[in-house]
Amino acid sequence: MAERSNSEEVKLLGMWASPFSRRIEIALTLKGVSYEFLEQDITNKSSLLLQLNPVNKMIPVLVHNGKPISESLVILEYIDETWRDNPILPQDPYERTMARFWSKFVDEQIYVTAMKVVGKTGKERDAVVEATRDLLMFLEKELVGKDFLGGKSLGFVDIVATLVAFWLMRTEEIVGVKVVPVEKFPEIHRWVKNLLGNDVIKKCIPPEDEHLKYIRARMEKLNIKSA
Amino acid sequence: MAEEVILLDFWPSMFGMRTRIALEEKNVKFDYREQDLWNKSPILLEMNPVHKKIPVLIHNGKPVCESLIQMEYIDEVWPSKTPLLPSDPYQRAQAKFWGDFIDKKVYGSARLIWGAKGEEHEAGKKEFIEILKTLESELGDKTYFGGETFGYVDIALIGFYSWFEAYEKFGNFSIEAECPKLIAWAKRCVKRESVAKSLPGSEKITKFVPELKEKLGIE
């Protein structure tokens with residue numbers, strides 16, 4: 001039960017197709033926190049966004065009772081510390097550390113490398129796909145014997161790694177290369193099915209058709225050929 | 001309880017310095033093991049198979065990687081009168097934001113100062129100064145980034161101070177002239193025993209840079 005009064009103000013400056021924004025929505029929804037979502041146009045940044053995140057000028061920004069917090073991983077930890085129902089980080093310090101480690105790995109290694117696949121062709125693309133797969137193998141191994149990266153139930157790393165499940169894996173069809181084939185990554189595919197069995201995840205990820213349309217449109221704008 | 005704490009590190013690493021300082025702040029005895037990054041040891045490869053990088057903190061046989069993550073771990077496992085992070089969630093979030101900022105911005109631009117030439121070097125220098133000014137503005141008139149107490153953000157940044165003389169030499173500029181408040185902050189920090197023990201001398205770093213460039217194949 002939320003201990004705080006109903007006058008608590010939670011706003012989220014986000015973007016409907018951004019994995020970094022959606023992960024915040026997942027966390028807030030898991031904890032039953034009501035929030036006002038303020039859709040941002042990242043190609044034409046609002047004065048509100050620039051005022052609330054003057055340093056990085058990026059979404060997502062969580063605003064809690066007027067005070068802004070930026071950087072999605074930082075926001076996720078803040079949410080977990082502030083609304084204690086349904087904890088997303090484990091209690092044990094070592095396990096917490098591993099959760100932080102894998103989350104950083106998803107954002108700084110997998111995401112950065114996978115992004116390089118878009119727009120590349122031939123041998124160059126093959127090399128990046130190979131590099132992405134090498135990184136994904138670490139997640140594949142982490143999932144052996146587990147329903148979720150967090151163990152028996154959905155946790156911090158799962159929320160962060162939705163980036164892999166619903167962004168990286170969705171763009172495969174558009175980019176024209178199966179970066180995460182089921183033969184090589186059976187555990188990851190099993191995990192995606194488990195995620196889709198969760199009501200909060202289903203509710204909070206971008207609707208597939210719209211999402212794919214958006215990605216195609218973006219690639220067109222950037223003059224990148226899509227499959 | 002017999003506690004085993006090992007730190008796999010490399011003496012000029014400003015990231016390793018963070019972990020050294022954090023352990024010293026908590027009075028934790030640790031076994032410092034110097035690593036040769038051009039001939040990585042089996043223990044390094046075993047304990048950090050994902051990144052194969054230092055620093056690696058090994059606590060009772062279990063590895064913790066990534067210096068900012070190590071700082072949080074140290075703070076949680078050895079809670080004491082001197083916490084590294086504030087207890088208020090909003091203050092903690094601010095500290096982590098700045099730690100992340102330092103991680104993402106400082107090293108990259110600084111590296112262009114000693115590791116690049118021409119336009120890239122100039123661009124790196126410009127960016128580096130801008131980043132330091134942003135940090136200086138965040139510091140304001142406070143004693144430390146967190147206020148009156150030395151903590152997480154100070155530790156995240158101070159290791160770079162040992163490299164400032166090298167940056168100034170290779171960049172041909174004065175950091176103090178650009179950011180006097182930041183230099184004053186750094187001088188306050190190095191007075192702390194934990195920092196003095198953990199930072200190598202500036203001269204040693206400056207002498208090391210040409211050797212490092214050679215090892216990395218940079219002219």
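Trainee: Is A:Glu71 buried or exposed, and what is its relative accessible area?
Mentor: Good place to start, and keep in mind that this is a predicted model. The cut-off for buried is under 20% relative accessible area. A:Glu71 falls on the buried side of that cut-off, with a relative accessible area of 16%.

Trainee: Which residue forms a salt bridge with A:Glu71?
Mentor: Look across to the other chain, because the pair runs between A:Glu71 in the loop between strand 4 and helix 3 of chain A and a residue in helix 4 (residues 89–115) of chain B. That partner is partly exposed, with a relative accessible area of 46%. The closest N and O atoms are 3.4 Å apart, and the partner is B:Lys104.

Trainee: How many salt bridges does the rule find across the interface of chain A and chain B?
Mentor: Let's set the scene with the contact itself: 26 residues of chain A are in contact with 26 residues of chain B. Together the chains bury about 2300 Å², 65% of it on carbon and sulfur atoms. One of the pairs is B:Glu76 with A:Arg100, at 3.2 Å from N to O. Across this interface, the number of salt bridges found is nine.

Trainee: Which element of chain A gives the most to the side that touches chain B?
Mentor: Eleven residue pairs are in polar contact between the two chains. On the chain A side, strand 4, helix 3 and helix 4 each supply at least two residues. With twelve residues, the element that gives the most is helix 4.

Trainee: How many residues apart in sequence are the parts that B:Lys181 and B:Asp141 tie together?
Mentor: Their side chains meet in a salt bridge at 2.8 Å, N to O. B:Lys181 is partly exposed at 39%, while B:Asp141 is exposed at 70%. B:Lys181 lies in helix 9 and B:Asp141 in the loop between helix 5 and helix 6 of chain B, so the parts they tie together are apart in sequence by 40 residues.

Trainee: In strand 1 of chain B, which residues are buried on the side opposite B:Val5, B:Leu7 and B:Asp9?
Mentor: Side chains in a regular strand alternate between the two faces of the sheet. Here five of the five residues in strand 1 of chain B are buried. Both faces are covered, and the residues on the other side are B:Ile6 and B:Leu8.

Trainee: Which strand of chain B runs parallel to strand 1?
Mentor: Strand 3 is joined to strand 1 by four bridges, but that pair runs antiparallel. In the parallel pair, B:Leu8 stands opposite B:Arg33. A right-handed β-α-β crossover leads from strand 1 through helix 1 to this partner. Four bridges join the parallel pair, and the partner is strand 2.

Note on methods
Residues numbered from 1 in each chain as written. Chains lettered and ligands numbered in written order. Predicted model: local features only at pLDDT ≥ 70, side-chain atom pairs only at ≥ 80, totals over all residues. Heavy atoms only, no water. Buried < 20%, exposed > 50% of the residue type's maximum accessible area, 1.4 Å probe, protein only. Pairing = 2+ DSSP bridges. Right-handed = clockwise from strand over helix to strand, strands pointing away. Contact = heavy atoms within 4.5 Å. Buried area = accessible area lost by both parts, 1.4 Å probe. Salt bridge = Lys/Arg side-chain N within 4 Å of Asp/Glu carboxyl O. Polar contact = N/O pair within 3.5 Å; in protein donor to acceptor, adjacent residues only side chain to side chain.
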